[in-house]
Amino acid sequence: MKIAASEMAVVQQVGTEMSGELAKKRLTKTAVGKQLGVGRMTINRWITTGNMSLKNFIALAKVAGVDPSAILAAAIEASDKRETEKRGARGNRRLRLMRKD
């Protein structure tokens, strides 16, 4: 199953959002790993890539004390904003190129 670039951006953003929530609570990856029965490197991989099972995502959100749907909503919003900014930058570059002619 191939994942679209926009979907991959959301997956990666989930990790970023989760990392922010853990930082707000001052939870270390080691402490979170102990609560979930995995090592700190596993937590690091989940957060860095956003690549984790739904079960692990929900468990991680629970440890962070946040609603999993809030993390997903924030990740989608940030990903959409970034994509819109990229499109805008490309559009501005096209306009500059057209004006040179």
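This section describes the packing of helices α2 and α3 and the settings of selected residues in a predicted model.

Two packed helices are described by the angle between their axes and the distance between the axes. For helix α2, spanning residues 29-36, and helix α3, spanning residues 40-49, the computed angle is about 105° and the axes lie 8 Å apart. Angles of 65 to 115 degrees count as roughly perpendicular, and α2 and α3 are therefore assigned to this class. On the α2 side, the contact is formed by K29, T30, V32, G33 and L36; on the α3 side, the participating residues are R40, I43, N44, W46 and I47. By residue class, this contact comprises five nonpolar, three polar and two charged residues.

The burial pattern of α3 was examined next. Within this helix, T42, I43, W46 and I47 are buried. These four residues are placed on the same side of α3, because they cover an arc of only 130° around the axis. An α-helix has 3.6 residues a turn, so residues three or four places apart point the same way. Among the buried residues of α3, I43, W46 and I47 also take part in the contact with α2. After α3 comes G50, which adopts a positive phi, near 75°.

A31 belongs to helix α2. With a relative accessible area of 29%, A31 is classed as partly exposed. A31 and I43 are twelve residues apart along the chain, and a distance of 9.9 Å separates their C-alpha atoms. I43 is itself one of the buried residues of α3 and belongs to the α3 side of the contact with α2.

Further features concern helix α1 and the loop that follows. Helix α1 covers residues 5-24, and the loop between α1 and α2 contains R26. Most residues other than glycine have a negative phi, and most peptide bonds are trans. R26, although not a glycine, has a positive phi of about 55°. The relative accessibility of R26 is 77%, and this residue therefore counts as exposed.

E21, located in helix α1, has a relative accessible area of 15% and is therefore buried. When residues up to four places away in sequence are not counted, E21 touches A64, V66 and I71. E21 in α1 is thus buried, whereas R26 in the loop between α1 and α2 is exposed.

Conventions
Residues numbered from 1 in each chain as written. Predicted model: local features only at pLDDT ≥ 70, side-chain atom pairs only at ≥ 80, totals over all residues. Heavy atoms only, no water. Axes fitted to C-alpha atoms, helices over the stretch in contact; angles between N-to-C directions. Helix = DSSP H or I, 4+ residues; strand = E, 2+ residues; numbered from the N terminus. Parallel < 35°, antiparallel > 145°, perpendicular 65-115°, else oblique. Contact = heavy atoms within 4.5 Å. Nonpolar A, V, L, I, M, F, W, Y, C, P; charged D, E, K, R; others polar. Buried < 20%, exposed > 50% of the residue type's maximum accessible area, 1.4 Å probe, protein only. Arc of directions from axis to C-beta.
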